[in-house]
Amino acid sequence: AGNVGGGALVCKIGLKKGIILSGVLIILSLVCLSLSTGIKFLAYVFAALLGLACVLSVLIPSQAVIATFGLKDFAGIYGYVYAFYLVGCAISTPLIAFLAEKAGYNIAWLVVGIIVAAIILMYMRCLAYGKKFHELYPD
């Protein structure tokens, strides 16, 4: 539901607002997860919010590549972007698990929230850079 509904929502509200909304949903889901030890219902809220926000990792990267670089050489550029995404997934999972084990889950979720905020800022920079890039090098 997150990808289909999120994709439709991004088309309706625009890429920039979609990125911000997805980031906010992920951060809210992490807050719910942190509080779910005391309030069990928040674990379900966490799952729902994260499911809705999954568009950030599935649909938005390809759209951000198009907005930044255009359609010329899209497949090659997106291939590199996706390869680095997969490396990030492979590295971050054990690191976050290690952090959770050593410092506790709440610290781990805080670090994940900071990483999500950094990703949102990088997306915003890509979109801003894309406009300048297209002016200098039109397709």
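This report walks through a predicted model of one protein chain, from its overall make-up to a few individual residues.

**The chain as a whole**

The protein chain holds seven helices and zero strands, so written from the N terminus on, its elements read α-α-α-α-α-α-α. Along the principal axes, the C-alpha atoms fill a box of roughly 55 × 30 × 20 Å. Of the 139 residues in the chain, 30% are buried. If you look at contacts with a separation of 6 or more, 68% of them join residues 24 or more positions apart.

The accessible surface of the protein chain amounts to about 9000 Å², and carbon and sulfur atoms supply 75% of that. As for charge, there are 9 positive and 4 negative side chains. The centres of these two sets lie 12 Å apart.

**Two buried residues**

Let us turn to Ser22 and Leu42. Ser22 sits in helix 2, which covers residues 15-35. Its relative accessibility is 4%, under the 20% limit, so Ser22 counts as buried. Which residues touch Ser22, leaving aside its neighbours within four places in sequence? The contacts are Ala53, Val55, Leu56 and Ile60.

Leu42 belongs to helix 3, residues 41-53. With a relative accessible area of 16%, Leu42 also falls under 20% and is therefore buried. Setting aside neighbours within four places in sequence, Leu42 is in contact with Cys32, Leu35 and Ser36. Separation along the chain can be set beside separation in space here: Leu42 and Ile66 are 24 residues apart in sequence, and their C-alpha atoms are 36 Å apart.

**A loop residue ahead of helix 6**

Asp73 lies in the loop between helix 5 (60-69) and helix 6. Asp73 is not a glycine, yet its phi is positive, at about 60 degrees. Is Asp73 buried or exposed? Its relative accessible area is 56%, over the 50% limit, so Asp73 is exposed.

**Aromatic rings in helix 6**

A search of the whole structure turns up four aromatic pairs. In the pair of Phe74 and Tyr78, the ring centres are 5.5 Å apart and the planes meet at 10 degrees, so this pair is stacked. Tyr78 also pairs with Tyr82, and that pair is tilted. A pair of aromatic rings is described by the distance of the centres and the angle of the planes, and here are those values for the two pairs.

| Pair | Centre to centre | Angle between planes | Class |
|---|---|---|---|
| Phe74 and Tyr78 | 5.5 Å | 10 degrees | stacked |
| Tyr78 and Tyr82 | 5.9 Å | 35 degrees | tilted |

Why is the second pair tilted? The planes of Tyr78 and Tyr82 are 35 degrees apart, which is neither under 30 nor over 60, so the pair counts as tilted.

The spacing in sequence fits the helix: Phe74 and Tyr78 are four residues apart in helix 6 (residues 74-103), so about one helical turn separates them. Tyr78 and Tyr82 are likewise four residues apart in helix 6, and about one helical turn lies between them.

Phe74 has a relative accessible area of 22%, between the 20% and 50% limits, so Phe74 is partly exposed. Tyr82, at 37%, is partly exposed. Taken together, Phe74, Tyr78, Tyr82 and Tyr85 form one aromatic cluster.

Terms used
Residues numbered from 1 in each chain as written. Predicted model: local features only at pLDDT ≥ 70, side-chain atom pairs only at ≥ 80, totals over all residues. Heavy atoms only, no water. Helix = DSSP H or I, 4+ residues; strand = E, 2+ residues; numbered from the N terminus. Buried < 20%, exposed > 50% of the residue type's maximum accessible area, 1.4 Å probe, protein only. Contact = heavy atoms within 4.5 Å. Phe/Tyr/Trp six-rings, centres within 6.5 Å; stacked < 30°, edge-to-face > 60°. Areas by Shrake-Rupley, 256 points an atom, 1.4 Å probe, with all protein chains shown as cover. Lys, Arg positive; Asp, Glu negative; His and termini not counted. Charge placed at Lys NZ, Arg CZ, Asp CG, Glu CD.
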